[in-house]
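Work through the exercises below with the sequence and the 3D structure at hand. Each task is followed by a solution in steps.

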Amino acid sequence: MSLLSLEKVVKTFGGLTAVNRVSFSVDAGDVVGLIGPNGAGKTTVFNLITGNYTPDSGEILFEGRSVKGKKPHKIVDMGIARTFQSIRLFQNMSVVENVLAGCHCRMKSGIFASMIRTPGQRREEKKALETAKEVLEFVDLWESAGLSASSLSYGKQRLLEIARALASRPRLIILDEPAGGMNDQETAELLHLIREISRKGITVLLIEHDMGLVMRACEKLVVIEYGTKIAEGRPEEVKNNPRVIEAYLGSDEEEDAC
Amino acid sequence: MNKNAFIISVLLAFFACFPVLFSNPYWIGVLNDIWLYAILGLSLNWIVGHTGLFNLGHAAYYAVGAYTAAILSTRYNIPILWLLPVAGAAAGLFALAVARPIIHLRGDYLAIVTIGVGEIVRIALENDIFGLTGGSNGIFGIPRPEIFDMRIRRPWQFYYLIGGFLLITIWFFYRLEQSRFGRALNYIKEDETAAEGSGINTAWYKLAAFVIGAVWAGMAGTLFAAKMTIISPGSFNFWESVLIFAIVILGGAGSIPGVILGAFLLVGLPEFFRNFADARMLFFGAAMVLMMIFRNKGLLPPLARKYAGVPRVKGGDA
Amino acid sequence: MDFFLQQLFNGLAVGGIYALVALGYTMVYGVMKLMNFAHGELFTMGAFLGLTLLGVFSFTEVLGPFGGIFVLILMVMGMVAIMGVLLERVAYRPLRNSPRLSAIVSALGASIFLQNAIMLMYGARFQVYPHGLLPNTPVSLFGVDIPLLRILLFLVSVFMMAGLYFFVQRTRIGTAIRAAAIDQDAARLMGINVDRVIQIVFIIGPALGAAAGVMVGIYYGQINFTMGWIFGLKAFTAAIIGGIGNIPGAMLGGLLLGVLETMGAAYISTAWKDAIAFGVLILILLVRPRGILGERVADKL
């Protein structure tokens, strides 16, 4: 059984159909890329999975359970973590605190426990800090843990978002254009990181413009255009699909114009 | 050991001895007001400073607490200090009912609605709602509090009562601030969407922050009723809310020492300039504008939390 | 029925004032996404400046009642417009790139400052406008007698609102204002001078508010330094009801709130009048947070 499956998902804004009967599935352990020209509805699909939007119809199942109508934090709790296309860190807080945000949903201490600092609460805080250290070391940011998030470079901020997502102990991580704004060196490191995440047994769903990265990182690609799925399959199959080539040639011109 | 602990100890010792050293009831009375506003400020700080929710009607919850205590103590002769939790609960329940539907509103919208709630409460009190609040005259004859058969009536006695409650307040909010609860609120203040996307139940935490702040304001209301023995709607108008708000913002939103400093400056300082009493609000207004332009985190901004084992900060990062 | 019609006209007259003040809030909000708390105080300022000018110069005797009041209102509008521009320069412009919270606090501070400045200048007591500035004979309309002043008040508000509407819809500057309201950055890229647009908004809004202030002085006969606070809150409520940022919405919201509040006071209780207005606000925000004519804006993720 697949880890995540979308079945005929539809989302409209006003009169505009942003996502039109899209179905695909992500198997556990895979790295899957969701690609398509600008404005194709990729981010909308992500926001449907993470609960920021609710589908008008269709079904989204994660580990056999529906995520439809659940709030984003609940979906994080179920095991899906995400990053944002435009970096959304807690800029005035320290790097380690940003990561602790991800730990939050795995912690339980309530107001009373915090007030009198029960042994359980202290143990939990300590454990959260260990988790934070582990994921920060994983993305190689532990040395900067005490800095404020805003002082990091753009590429490192993207890594911090990934670390925050990993801290929630997800089984599926959704990365929205993680290579955006990165230079070649950083992109190469990102590819390595994605493989490392996958090696930990975490399934990855990726939106990305950098085709080089997508082709090398992903085992499976889903291509959407105008909110509709036009192709699905292994990278080399998709690459030679005439519809995909057509869609991308069109979009290349647009991108050049920008 | 460190400088801050030393400063805090000295200040604590000084204020603990203040009534003994200076038996001037006037200045003790001023300090009582400062303590009370510090408690109110800290309760609002939890909502405004930590969570970033614009509550400009905090006087409403203060009023609900004060009136609950006043009504129950005058009608049923319940000792007023027993009513601290009751009044807090009443204010909290009221806040829960009010905030639940409006808490999702953003910035200015929430500000205007909380102003509206504050006004509705004041108007309701003035119109003698349920025949309980005594209209614009308010309620008088509120019994003095008693502790171990000692009747609290002199300023110095209130000094230790209110000051003691302030210490509890500081301890309570400090512990919350340092916990995952406090962090969750700060995430919400920084970026609500990102907080929700990181797994934080933002709706619940915003509501919880609002209600806790209101509970504390309700308890402060009980102390106020006990101190004054007379309360009336005029004590809970919009300017009261603005004063508490200004204490938080000017002192340092999210910072306990900042809020206490704010209470000293905004409540205490005007006592030195009594000739300019009318111009007090004029200065507050100007100070708010200037502070936002030149130092928008307030006089004593919050310090970053410390975590054991996190590498020391060494300069900037490219 | 007569009573109802009386109240309806009364409500429309008050609503017209709310609408004029609401326009100032909604235009500033539209362009800057800022609640200009101090707008209510500019309205108060208009009322007090009108009173001062009337004391210096007897407009109505020299220029006739209508001409005199017309000139008076124009002068007050001009003076308050200057104050509006100053306010923006001092309290808002330095905070253009700051967090929104800072701007709101600054606006609140400016409001407190201005209100208390007015109090220190003019005193805390009610001030009385001269009687009989305008003829106030009853006019028979739909079978009920309506004071002429009330009708004038309403007509003047409608006239100003119509003027503003055409200005915003049909002129180049109006187009620039609308463009800046939709997307400041895009407008700037299209060569629109956004600073200038903001300045114009801070001329028009306060000017309309000031006119409303003078009209309130003439209509009610007495003014007080706190009047801008309650009128301002009501007007902002009206702007939200109509859909903030939306100019016809502010007009609609103002008239609606005026009528609802007057009816509430007449049929329920005068003592609860203000509470009714705020109750309506909370209800609207619960049912339709973007107001009646406001559009839904999706949060960009």
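## Exercise 1: a pocket

The second largest pocket of this predicted model has a volume of about 1,600 Å³.

Task. Find which helix supplies the largest share of the lining of the second largest pocket.

Solution. Step 1: the lining of the second largest pocket consists of 36 residues. Nearest the centre of the pocket lie B:Ile8, B:Ile170, B:Ile256, B:Pro257 and B:Ile260. Step 2: three helices of chain B, α1 (3-21), α6 (155-177) and α11 (256-272), each give at least two residues to this lining. Step 3: α6(B) contributes ten residues, the largest share.

## Exercise 2: cysteines

Task. State how many disulfides the structure holds, and explain why A:Cys105 has no bond to A:Cys103.

Solution. Step 1: a disulfide needs two cysteine sulfur atoms within 2.5 Å. Step 2: for A:Cys105 the closest cysteine sulfur belongs to A:Cys103 and is 8.4 Å away, so the distance is too great for a bond. Step 3: over all chains, the count of disulfides is zero.

Task. Is A:Cys105 buried or exposed?

Solution. Step 1: buried means under 20% relative accessible area. Step 2: A:Cys105 has a relative accessible area of 15%, and is therefore buried. Step 3: B:Cys17, with 37%, is partly exposed.

## Exercise 3: nonpolar cores

Task. Describe the largest nonpolar core and name the residues with the most contacts inside it.

Solution. Step 1: the core has 278 residues. Step 2: A:Leu136, B:Tyr61, B:Ile231, B:Phe245 and C:Tyr92 have the most contacts inside it. Step 3: helix α9 (residues 194-220) of chain C provides 17 residues, the largest share of this core. Step 4: another core, of 29 residues, lies apart from it and includes A:Leu6, A:Ala40, A:Val45 and A:Val222.

Task. List some of the residues that A:Leu136 touches.

Solution. Leaving out residues up to four places away in sequence, the contacts of A:Leu136 include A:Val95, A:Val99, A:Trp142 and A:Leu160.

## Exercise 4: annotated spans

Task. Take two spans from the UniProt annotation "transmembrane region" (unreviewed entry) of chain B, and describe each.

Solution. Step 1: the spans that UniProt lists for chain B include residues 242-267 and 279-296. Step 2: residues 242-267 of chain B are 85% helix and 0% strand, with end C-alpha atoms 13 Å apart. Step 3: residues 279-296 of chain B are 83% helix and 0% strand, and their end C-alpha atoms lie 23 Å apart.

Notes: Residues numbered from 1 in each chain as written. Chains lettered and ligands numbered in written order. Predicted model: local features only at pLDDT ≥ 70, side-chain atom pairs only at ≥ 80, totals over all residues. Heavy atoms only, no water. Buried < 20%, exposed > 50% of the residue type's maximum accessible area, 1.4 Å probe, protein only. Core = buried A, V, L, I, M, F, W, Y, C linked by side-chain atoms within 4.5 Å. Helix = DSSP H or I, 4+ residues; strand = E, 2+ residues; numbered from the N terminus. Contact = heavy atoms within 4.5 Å. UniProt positions renumbered as here; feature names shortened; annotations may be inferred. 1 Å grid on protein atoms, 1.4 Å probe; cavity = no way out; pocket = protein on both sides within 12 Å on 5 of 7 lines; lining within 4 Å. Points joined across faces, edges and corners; volume = space filled by probe spheres on them.
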